[in-house]
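Thank you all for coming. Please take a moment with the sequence and the model on the screen, and then I will go through the ligand site and the strands around it.

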Amino acid sequence: MTVRIRSDLFKEAMGRFATGVAVVTTVGPDGDRVGFTANAVASVSLDPLLVLVSVDQSSSSLDPLLETGFFALSFLHADDLEVAHRFASGERDTRFEGLKVRSEVTGAPILESALAWVDCTVWKVVEAGDHHVVFGEVQGCGVSSEGTPLLYFRGGFGTMSP
Ligand SMILES: Cc1cc2nc3c(=O)[nH]c(=O)nc-3n(C[C@H](O)[C@H](O)[C@H](O)COP(=O)(O)O)c2cc1C
């Protein structure tokens, strides 16, 4: 059965589901650091430890991510609003400029300022409409600092304290 629902209404509805904001990073085959802002991120399984990120087919990060077979998630701190905008913009070459990063297990860059990080190898990829759902098997994770999260709600950014 096909139900016709306007995509803008769908976006409005999904926009009421408040999420955190992550930067998804990897290293391209040429050694370049690659990353983009994402909120279609979820914890999936404890055995094995799995996460997922849904990546737009038109994303320039998708091919490097699939080719190198690993990625990291850095969950953004409320202070990193500019970072969220930067990794969602068209300026791909300058996204890491001035940011402190390190690598842990896979070699994917992890933002030092992140609230927490998850380092993964690609476990499975499922084509899903105009996105690829990339499942990651967790190879390492950690909590980097105390602080409040950057949140995304109704097309805007905010924060909260528990
Ligand atoms: C709050 C927010 C969440 C986003 N979530 C996703 C996402 O989950 N998946 C995705 O593919 N793009 C997402 N985007 C869009 C990408 O960040 C944006 O298209 C970016 O320019 C992609 O860069 P790339 O083409 O270099 O990979 C999001 C953008 C914002 C601002």
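**Ligand site and strand pairing**

The space that the ligand takes is the largest pocket, where a pocket is an open set of points on a 1 Å grid over the protein atoms alone, with protein on both sides within 12 Å along at least five of seven lines, and where a molecule sits in a pocket if more than half of its atoms lie within 2 Å of its grid points. Before I go on, please keep in mind that this is a predicted model, in which local features need pLDDT of at least 70 and side-chain atom pairs count only at pLDDT 80 or more, while totals for chains, interfaces and linings use all residues. Residues are numbered from 1 along each chain as its sequence is written, and side-chain values use heavy atoms, with hydrogens and water left out.

So what surrounds the ligand? The shell holds 18 residues, and the closest of them are T37, S59, S60, S61 and R92, where a residue counts as near if one of its heavy atoms lies within 4 Å of the molecule. By type, the shell residues divide into eight nonpolar, seven polar and three charged, with Ala, Val, Leu, Ile, Met, Phe, Trp, Tyr, Cys and Pro counted as nonpolar, Asp, Glu, Lys and Arg as charged, and the others, Gly among them, as polar. Strands β3 (33–38) and β5 (49–56) each supply at least two residues of this shell, a strand being a DSSP run of E with at least two residues, numbered from the N terminus.

For polar contacts, meaning pairs of N or O atoms within 3.5 Å, I would point to three places. A polar side-chain atom of S59 lies 2.4 Å from an oxygen atom of the ligand, a polar backbone atom of S54 is 2.8 Å from a ligand nitrogen, and a polar backbone atom of A88 is 3.2 Å from a ligand oxygen. On its own the ligand has 640 Å² of accessible area, of which the protein covers 81%, as computed by the Shrake-Rupley method with a 1.4 Å probe.

Now let me turn to the strands, starting from β5, which we have just met at the ligand. Strand β5 runs antiparallel to β10 (residues 131–143), joined by seven bridges, and within that pairing V53 stands opposite V134; two strands pair here if DSSP finds at least two bridges between them. Strand β10 is also joined to β9 (residues 116–128), again antiparallel, by 12 bridges, with D119 partnered by G140 and T121 opposite E137. The β9–β10 hairpin has two residues between its strands, and there G129 takes a positive phi near 60 degrees. Strand β9 further pairs with β6 (residues 70–75) in the antiparallel sense over six bridges, where W117 is the bridge partner of S74.

Apart from these pairings, I want to show an open sheet of three strands, with antiparallel pairing in the order β1-β11-β12. Its edge strands, β1 (19–20) and β12 (156–158), each pair on one side only. Between β11 (residues 151–153) and β12 there are three bridges, and F153 stands opposite G156. In the loop between these two strands lies R154, which has a positive phi of about 50 degrees although it is not a glycine.

Which peptide bond is cis? That is the bond from D47 to P48, with omega near 0 degrees, and P48 belongs to the loop between β4 (41–46) and β5.

Technical notes:
Polar contact = N/O pair within 3.5 Å; in protein donor to acceptor, adjacent residues only side chain to side chain. 1 Å grid on protein atoms, 1.4 Å probe; cavity = no way out; pocket = protein on both sides within 12 Å on 5 of 7 lines; lining within 4 Å. Helix = DSSP H or I, 4+ residues; strand = E, 2+ residues; numbered from the N terminus.
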